[in-house]
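Trainee: Hi, could you walk me through this one while I have a coffee?
Mentor: Sure, let me bring it up.

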Amino acid sequence: MPDAVSYVIAPPAVHSLAIAGTADRFPVNRIFCVGRNYAAHAREMGKDPDREPPFFFMKPAQALVDASAPTTIAYPPKTANFHHEIELVVAIGRGGSNIAAADALTHVYGYAVGLDMTRRDLQLAARDAGRPWEFGKSFAHSAPIGALHRAADIGHPSQATITLAVNGKSRQSSDIAKLIWSVAECIAVLSHHDPLEPGDLIMTGTPEGVAAVLPGDVMHASIGLLGDITVTVRDAAHA
Ligand code: MN
């Protein structure tokens, strides 16, 4: 029997999501995010919403914040324009390559409500300079996500209201039926570019109404059967 591996530093923690109705956890691998997947949001970002192929960016698993109960995130550094983006989150339970859209939903473990928190000023500066978006999108606590709801329990929602309010005032309100690229199509396209692995998440894009939050603001986000999450922005000084 081989000796146990001796790591020279502590191995990174496993980041995980709660699963509704159980004490079990879903370990998170990579977080893929779809850009501009609702036409009205593409327009508000100054882009043509024609059905060009979907594009993706990533956040690290370290960006995850467990929002299965009300939680807080610190206002991040290096931004003066910190935006909310509510999104339907898909959890991949079974990996695969070159998955056909017709088979794609069999790879889904479950669904959750998530926020793709964005340093919009850094993102747009990078975009306009032709640089990667990482500093705008991939940073600590930029992915608060609620409890996963198992597809085995709730099926595969294709229509549901998706809403976000800040301090009780509606900011984003749409329906996941308006996704330009469906969940199945996103899985199919991704899996033709890179093998999907169990534990991968896909944040499927946000509808129109993205806007800034400030320390003290309370975000309340919900998607149909998936319930809601409450995330408060706290002052960076109290991080
Ligand atoms: Mn997004």
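Mentor: Below we go over the metal site, a sheet, the main pocket and the cysteines.

Trainee: Any ground rules before I start?
Mentor: This is a predicted model, so local features need pLDDT of at least 70 and side-chain atom pairs count only at pLDDT 80 or more, while totals for chains, interfaces and linings use all residues. Residues are numbered from 1 along each chain as its sequence is written, and side-chain values use heavy atoms, with hydrogens and water left out.

Trainee: Which protein donors does the manganese ion have?
Mentor: Glu-85 (OE), Glu-87 (OE) and Asp-116 (OD), lying 2.0 to 2.1 Å from the manganese ion. Donors here are N, O and S atoms within 2.8 Å of the metal (3.2 Å for Na, K and Ca); water is not among the atoms, so sites may look incomplete.

Trainee: What spacing do the donors follow along the chain?
Mentor: The pattern is E-x1-E-x28-D. Glu-87 in strand 8 (residues 86-92) and Asp-116 in the loop between strand 9 (108-115) and strand 10 are 29 residues apart, so that pair links distant parts of the chain. Strands are DSSP runs of E with at least two residues, numbered from the N terminus.

Trainee: Are Glu-87 and Asp-116 buried or exposed?
Mentor: Both are buried, meaning under 20% relative accessible area, where exposed is over 50% and partly exposed is in between (1.4 Å probe, protein chains only).

Trainee: Switching topic: what order do the strands of the open sheet take?
Mentor: Three strands run in the order 10-7-16, with antiparallel pairing; two strands pair if DSSP finds at least two bridges between them. Strand 10 (118-119) and strand 16 (211-212) are the edges, each pairing on one side only. Two bridges join strand 7 (residues 82-84) to strand 16, and His-84 stands opposite Ala-211.

Trainee: And by class, what lines the largest pocket?
Mentor: Eight nonpolar, three polar and no charged residues. Among them are Leu-105, Tyr-111, His-156 and Ser-182.

Trainee: How many disulfides does the structure hold?
Mentor: Zero, with a disulfide being a pair of cysteine sulfur atoms within 2.5 Å.

Trainee: Why is Cys-33 too far for a bond?
Mentor: Because the closest cysteine sulfur, in Cys-186, is 11 Å from the sulfur of Cys-33. Cys-33 is buried at 0% relative accessibility, and Cys-186 is buried with a relative accessible area of 1%.

How values were computed:
Helix = DSSP H or I, 4+ residues; strand = E, 2+ residues; numbered from the N terminus. 1 Å grid on protein atoms, 1.4 Å probe; cavity = no way out; pocket = protein on both sides within 12 Å on 5 of 7 lines; lining within 4 Å. Nonpolar A, V, L, I, M, F, W, Y, C, P; charged D, E, K, R; others polar.
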